[in-house]
Amino acid sequence: MRTRLLRLLRRPWTAAVAAVALVVSVLVAMPASGAAAAACRVDYTVDAWAGGYSARVRVTNLGPAVNDWRLTWTYTGDQQVTSAWNATVTQTGASVLAVDAGWNGALATGGTAEFGVQGTWRSADPLPDDFALNGSSCGGDGGTPPTTPPPTTTPPTTTAPPTTPPPSAECGDAVICSDFEDQAGTEPSGDWRFTAPDCQGTGTVAVDSAVSHGGGRSLRVDGRAGYCNHAFVAHAANLSSVGPVLYVRMWVRHTTALPTSHVTFVSMPDSAQGGRALRVGGQNGALQWNRESDDATLPAQSPAGVALSRPLPTDGWRCLRFAVDTSAGHLDTWLGDEQVPGLHADGVPTQDVDQQWLARGGAPRPTALRLGWESYATGDDTLWFDDVAVGSAPIGC
């Protein structure tokens, strides 16, 4: 006998984007006499928004140990995978094939592997079907689940709590805690001031009372392409003594997909680099860290490295969080509550991730926070920032 358990988890809908988390677990009960046991169990967790989605896939091997694995499934909508991390993922029509990344290929009986995919959809984004591990079915032939969440009056089925509770969205004793509601005019004032760190072009920064994440104001940046076209606002707080781990949380909204060329939208002067910047931005269409002094990147800009990062979705508010360990030099980055695998430096060099980053530099020591835009080739963008916080304790979304 085979059964499928489907759980629907709701997250808050904002005016800008409706994020729906759907979890499907393909579970198999004790097989009847003569029936084949399932080869695996799959937990497929997806965050969906208008026209796009990202999914975390966790596969558990229920059969004999394997030295490498291939997971297949079939999309029942018009989803199209655009990138992946911790696995090589290809798609032909509705059929998808995920192959281990090498380092995570060994799966003992009961062992698990986890990877992620990002993609697009046009008309429908139902959950996938027909999961199979190395050609053996994971079991379950249930119908296509609905793509819309259940009514708010219908409670969700029981879900397991996260292993670690997410940090509070409250600022607490954070050194920076700004929702820009204290900005009276259109030009940044008070603790926020316009700056062009190296040279100024046609980019502009303004206080926007028409678009905001919460409240009635946000910071708007009209970024322009071209080298030395810098437009930022810097906060007056000195971050030199914040730590030993410096935590940053901000809500970001932008209109144009990150380009192939290098861009920056968070710049932090770094005393470990003689005042040059520790930067958060994009390259090859995905989020990245960049060190101004030697142009080292996290992750490496190889296809495998870029696949471990994530695009910054457009036309919706996104919670971006990161942690900088100023003593050990570790870095961690989250989009919402999901850690981005390629934006992680843990002191142990990993090919395509932090090998180059660790080889070239030591622990950063940011001294200030700047938000804005600089492009080194092509790449106009309009961005908004809101609910910005920096402190010595984790700050959630």
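Which side chain does Asp387 join through a polar contact of 2.6 Å? In this predicted model, the partner is His213, and the contact runs from side chain to side chain. Asp387 itself sits in strand S26, which spans residues 381–391. Although Asp387 is buried, no salt bridge is found for this residue. The nearest side chain of opposite charge belongs to Arg249, and it is 5.7 Å away. A salt bridge calls for a side-chain nitrogen of Lys or Arg within 4 Å of a carboxyl oxygen, so the 5.7 Å between Asp387 and Arg249 does not qualify. Arg249 is nonetheless among the residues that Asp387 touches, along with Ser178, Asp179, His213, Gly214, Met250 and Trp251, when residues up to four places away in sequence are not counted.

Salt bridges do turn up elsewhere, and side chains of opposite charge can pair when their charged atoms come close. The structure holds 6 of them. One is formed by Arg58 and Glu114, whose closest N and O atoms are 3.4 Å apart. This pair links distant parts of the chain, with Arg58 in strand S4 (residues 52–61) and Glu114 in strand S9, 56 residues apart. Arg58 is partly exposed at 34% relative accessibility, and Glu114 is partly exposed with a relative accessible area of 34%. The pair also belongs to a network of salt bridges that links Arg56, Arg58 and Glu114.

Two further salt bridges can be described. In one, the side chains of Asp294 and Arg291 meet at 3.2 Å, N to O. Arg291 has a relative accessibility of 5% and therefore counts as buried, whereas Asp294, with a relative accessible area of 24%, is partly exposed. In the other, Glu338 pairs with Arg310, the closest N and O atoms being 3.3 Å apart. Glu338 lies in strand S24 (residues 338–339) and Arg310 in the loop between helix H1 (303–307) and S22, so this salt bridge ties together parts that are 28 residues apart in sequence. Here both residues, Glu338 and Arg310, are buried.

Covalent links come next. A search of the whole structure finds 3 disulfides. Cys40 is joined to Cys138, with an S to S distance of 1.6 Å. This pair links distant parts of the chain: Cys40 is in strand S3 (residues 40–49), while Cys138 is in the loop between strand S11 (136–137) and strand S12 (176–178), 98 residues apart. Cys40 and Cys138 are both buried.

Another disulfide is formed by Cys171 and Cys177, with sulfur atoms 2.1 Å apart. The angle about its S-S bond is 80 degrees, and the link is right-handed. Cys171 is buried, with a relative accessible area of 15%. The disulfide of Cys319 and Cys397 has its sulfur atoms 1.9 Å apart, and with -85 degrees about the S-S bond this link is left-handed. Because Cys319 lies in strand S22 (residues 318–325) and Cys397 in the segment after S26, the pair ties together parts that are 78 residues apart in sequence. Cys319 counts as buried at 5% relative accessibility, whereas Cys397 is partly exposed, at 32% relative accessible area.

Turning to strand pairing, an open sheet of 5 strands follows the order S7-S8-S5-S10-S11, with antiparallel pairing. Strand S7 (87–92) and S11 stand at the edges with a single partner strand each, so one side of each is left without a neighbour in the sheet. Within the sheet, strand S5 (residues 70–74) and strand S10 (residues 129–133) run antiparallel and are joined by 3 bridges. Thr72 stands opposite Ala132 in S10.

Two other buried residues complete the picture. Ala84, in strand S6 (residues 80–85), counts as buried at 6% relative accessibility. Leaving aside neighbours within four places in sequence, Ala84 is in contact with Val89, Gly116, Val117, Ala307 and Leu308. The C-alpha atoms of Ala84 and Ser54 are separated by 9.2 Å, the two residues being 30 residues apart along the chain. Asn104 is found in the loop between strand S8 (95–100) and strand S9 (112–120), and this residue is buried with a relative accessible area of 10%. The Asn104 side chain reaches the backbone nitrogen of Ala101 at 2.8 Å. With residues up to four places away in sequence not counted, Asn104 touches Trp69, Asn86 and Ala113.

How values were computed. Residues are numbered from 1 along each chain as its sequence is written. This is a predicted model: local features need pLDDT of at least 70, side-chain atom pairs count only at pLDDT 80 or more; totals for chains, interfaces and linings use all residues. Side-chain values use heavy atoms; hydrogens and water are left out. Helices (H or I, at least four residues) and strands (E, at least two) are DSSP runs, numbered from the N terminus. Buried means under 20% relative accessible area, exposed over 50%, partly exposed in between (1.4 Å probe, protein chains only). Lys and Arg count as positive and Asp and Glu as negative; His and the chain ends are not counted. A polar contact is a pair of N or O atoms within 3.5 Å; within protein, one must be able to donate a hydrogen and the other to accept it, and residues adjacent in sequence count only if both atoms are side-chain atoms. Contact means heavy atoms within 4.5 Å. A disulfide is a pair of cysteine sulfur atoms within 2.5 Å. Two strands pair if DSSP finds at least two bridges between them.
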